[in-house]
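I opened this entry to record what I looked up on pockets and nonpolar cores. The model is predicted.

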Amino acid sequence: MLYDLNVPWSMDQHHPHQQRIISFLSELGYDTLALNHTITGSLPAAIINPIPAVPSFEIPKKTILLRRCTLNIADPSQNHRLPALTAVYDILALRPTTEKAFLAACLSLDSHSIISLDLTQRFSFHFKPKPLMTAINRGIMIEICYSQSMDTGGDGSSARRNFIGNVVAIVRATRGRGLVVSSGAQSVLGVRAPADVLNLLDVWGLKKERGLESLGVNPRGVVVNEGLRRTSFRGVVDVVEGGEKVVKEKGKESGNKEKGPPQNGVGKKQNGKRKADENGEATPQVSKRAAKKAKLQALQDEKTTSSPAPETPSQPPLTEDTPSKPQATAPE
């Protein structure tokens with residue numbers, strides 16, 4: 001399953017244009033999409049999610065739409081009410097514009113799950129491994145939007161040069177781990193197929209295995225962690241319903257088995273115990289060795305009783321040829 005967690009959304013955008021981008025991404029194989037609402041400046045008093053839960057246009061059947069908010073942050077000391085934004089949106093991302101805000105997003109702030117940077121700009125600080133790896137170990141991913149390399153507004157050559165330099169620095173600092181690759185495309189022309197994205201990432205120094213993780217495994221981890229943070233107990237244990245009925249049915253089946261008559265009379269086990277006989281005495285347990293001796297003794301007794309007695313030799317019948325014994329005569 002492939003993910004694209006940055007599909008720009010705005011209230012001024014026409015619905016057919018948004019529908020065209022979502023349909024094209026779905027045809028390319030992206031199953032889970034996140035509509036991104038970017039907030040700049042201070043937050044209003046009442047935080048409301050302007051992205052509708054159910055879009056007004058038809059979307060492909062297998063496509064899952066999420067609602068995301070990206071907040072531009074310059075001074076982390078100001079109260080941006082991040083927990084309130086987390087409760088309203090499905091995914092919260094921060095876009096730091098200063099080094100102080102970048103370090104705070106990597107090291108201290110914990111309400112977001114993605115750090116999304118405008119890589120077309122030239123930053124006044126370097127991307128060091130320590131803050132980036134600390135953020136990744138905390139479960140915060142670094143986002144790269146490949147459509148920024150195709151930005152032709154203004155000075156397009158300098159924007160592409162800054163983008164490629166920043167991407168190479170991030171890949172070198174993170175060693176390709178903890179990255180999330182999204183489109184961030186404002187139109188259909190900025191969307192690319194997964195194979196084309198992998199080729200671009202390979203040119204920028206990211207290997208194919210890490211590129212596949214940035215399109216599937218890492219964004220899936222973001223979606224799952226954000227879902228657990230909102231529905232589970234303290235973001236650790238998720239309560240799943242639906243197992244009570246199965247337990248009751250198993251209990252009924254075991255009860256029916258216990259109520260049935262015992263087979264072969266006495267000595268059947270029920271509830272882990274051997275049933276006693278009618279006189280109240282339990283059948284004695286015989287060891288295997290004693291049972292074997294009794295069996296051998298029974299076989300020997302059977303052999304002795306069934307063996308025939310030795311036959312006594314019988315005299316042959318008298319015939320004419322056989323001489324008879326002389327009979328003794330009494331003396332005269």
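**Pockets**

I began with the largest pocket, which holds about 550 Å³ of space. Its lining comprises 22 residues, and I noted Pro8, Ser147, Gly184, Ala185 and Gln186 as the closest to the pocket centre. I then asked which elements give two or more residues to this lining. They are strand E1 (2–8) and strand E2 (30–39). Strand E2 gives the most, with three residues. Sorted by class, the lining of the largest pocket has 13 polar, six nonpolar and three charged residues.

I turned next to the second largest pocket, with a volume of about 160 Å³. I listed its lining as Gln121, Arg122, Phe123, Phe125, His126, Phe127, Asn162, Gly165, Asn166 and Ala169. By class, I recorded five polar, four nonpolar and one charged residue there.

**Nonpolar cores**

In soluble globular proteins, nonpolar side chains tend to be buried together. I therefore looked up the cores of this model, citing that tendency as my reason. The largest nonpolar core has 53 residues. Which residues have the most contacts inside it? I noted Leu85, Ile115, Leu117, Leu119 and Phe127.

I followed Leu117 further, leaving aside its neighbours within four places in sequence. Leu117 is in contact with Arg95, Pro96, Phe102, Phe123, Phe127, Glu143, Gln148 and Ile170. Of these contacts of Leu117, I marked Phe123 and Phe127, since both also appear in the lining of the second largest pocket.

Apart from the largest core, I found another core of 10 residues, including Tyr3, Leu5, Ala93 and Val222.

Notes:
Residues numbered from 1 in each chain as written. Predicted model: local features only at pLDDT ≥ 70, side-chain atom pairs only at ≥ 80, totals over all residues. Heavy atoms only, no water. 1 Å grid on protein atoms, 1.4 Å probe; cavity = no way out; pocket = protein on both sides within 12 Å on 5 of 7 lines; lining within 4 Å. Points joined across faces, edges and corners; volume = space filled by probe spheres on them. Helix = DSSP H or I, 4+ residues; strand = E, 2+ residues; numbered from the N terminus. Nonpolar A, V, L, I, M, F, W, Y, C, P; charged D, E, K, R; others polar. Core = buried A, V, L, I, M, F, W, Y, C linked by side-chain atoms within 4.5 Å. Buried < 20%, exposed > 50% of the residue type's maximum accessible area, 1.4 Å probe, protein only. Contact = heavy atoms within 4.5 Å.
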